[in-house]
Amino acid sequence: MPCAELTNPDEYWMRHALALADRAQREFDEIPVGAVLVGAEGQLLGEGWNINIASHDPSAHAEIVAMREAGKRLGNHRLVGCTLYVTLEPCAMCAMALVHARIARVVFAATDPKTGACGSVFDLVADPRHNHQVEVSSGVLAQQASMRLTNYFRAKRGRPLLELPEA
C-alpha cells in the first residue's frame, strides 16, 4: 500500500514490523524483533525478523534480513531514499549497515538501553564523521514492542507474563 494512501505511515509499517516480531517468536522461538524496509514511494521492498539463533548466524538480525531482501529486489546494495521500520533500536552492527546502505531514515519502536546505536547508548547513524547520516524517529508503538520483548525474556525465565496497560 503506498504511503500516500495512509494517514499514519509510520504506525502502519510499525504494526507490520510488530507482526513479523510475533512471527519470529512464534515460529522460530527467536527474540521478537521485526523489520520492514520501505522505498521512497512507499512500496514494501524487504522484511525480516530475527533469525540469528535458528540460522546460527550472528548477523541475521531483522534489519539485516530486511536490507538483504531489499538489495536483492532492487539489484543494488545502496538503499537510497528508503525507510527502515524496526521494533527495537538497531545495534552497532545494524546501525552501521544502515549508514553503508545509505538508508534515509530509521524508525524504531523500543529503545535498547544496553546496545542501542541510534541515539540511546551510541549514536552511530548521526555521527558527522561518516559520509552519510540517517534520520532517526523513535517511540512509534514503543510500549507494544517493549512488552513483547519483556514477555519473551520473562517466559524464558519462567516468570509470569505482563499485560499491556489499557490506553
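The legends below accompany an overview and several close-up views of a predicted model.

**Figure 1. Overall fold of the protein chain in the predicted model.** The secondary structure of the protein chain comprises 5 helices and 5 strands, and read from the N terminus these elements follow the order α-β-β-α-α-β-α-β-β-α. Along the principal axes, the C-alpha atoms occupy a box of roughly 45 × 35 × 30 Å. A compact globule of 167 residues would be expected to have a radius of gyration near 15 Å, and the value for the protein chain, 15 Å, agrees with that expectation. Of the 167 residues in the protein chain, 46% count as buried.

**Figure 2. Aromatic pair formed by Tyr12 and Trp13.** The model contains 3 aromatic pairs. In the pair shown here, the ring centres of Tyr12 and Trp13 lie 4.9 Å apart and the ring planes meet at 85°, so the arrangement is classed as edge-to-face. With regard to solvent, Tyr12 has a relative accessibility of 33% and counts as partly exposed, whereas Trp13, at 2%, counts as buried.

**Figure 3. Aromatic pair formed by Tyr152 and Phe153.** The rings of Tyr152 and Phe153 have centres separated by 5.1 Å and planes at 85°, and because planes over 60 degrees apart are counted as edge-to-face, the pair is assigned to that class. Tyr152 is buried, its relative accessible area being 5%, while Phe153 is partly exposed at 32% relative accessibility. Phe153 appears again in the view of the largest pocket, where it is listed among the lining residues closest to the centre.

**Figure 4. The largest pocket and its lining.** The largest pocket encloses about 580 Å³ of space. Its lining is made up of 22 residues, of which Ile31, Leu88, Asp112, Leu149 and Phe153 are the closest to the centre of the pocket. Helix α5, which spans residues 142-156, supplies the largest share of this lining, with 4 residues. By residue class, the lining divides into 10 nonpolar, 7 polar and 5 charged residues.

**Figure 5. Loop residue His56, with a positive phi angle.** His56 is located in the loop that connects α2 (52-55) and α3 (62-74). The phi angle of His56 is near 55°, which is a positive value in a residue other than glycine. His56 has a relative accessible area of 71% and is therefore classed as exposed.

**Figure 6. Loop residue Arg102, with a positive phi angle.** Arg102 sits in the loop between α4 (92-101) and β4 (105-110). Its backbone likewise has a positive phi angle, near 65°, in a residue other than glycine.

**Figure 7. Surroundings of the cysteines Cys82 and Cys118.** The number of disulfides in the model is 0. For Cys118, the closest cysteine sulfur belongs to Cys94 and lies 8.8 Å away, which is too far for a bond, because a disulfide requires the two sulfur atoms to be within 2.5 Å. Cys118 counts as buried, with 4% relative accessibility, and Cys82 is also buried, with a relative accessible area of 2%.

Key: Residues are numbered from 1 along each chain as its sequence is written. This is a predicted model: local features need pLDDT of at least 70, side-chain atom pairs count only at pLDDT 80 or more; totals for chains, interfaces and linings use all residues. Side-chain values use heavy atoms; hydrogens and water are left out. Rings of Phe, Tyr and Trp (its six-membered ring) pair if their centres lie within 6.5 Å; planes under 30 degrees apart count as stacked, over 60 as edge-to-face and the rest as tilted. Buried means under 20% relative accessible area, exposed over 50%, partly exposed in between (1.4 Å probe, protein chains only). On a 1 Å grid over the protein atoms alone, a cavity is a set of points where a 1.4 Å probe fits but cannot get out, and a pocket is an open set with protein on both sides within 12 Å along at least five of seven lines; lining residues have an atom within 4 Å of a point. Grid points are joined across faces, edges and corners, and a volume is the space filled by probe spheres set on the points. Helices (H or I, at least four residues) and strands (E, at least two) are DSSP runs, numbered from the N terminus. Ala, Val, Leu, Ile, Met, Phe, Trp, Tyr, Cys and Pro count as nonpolar, Asp, Glu, Lys and Arg as charged, and the others, Gly among them, as polar. The radius of gyration is taken over C-alpha atoms; the globule rule is 2.2 Å times the number of residues to the power 0.38.
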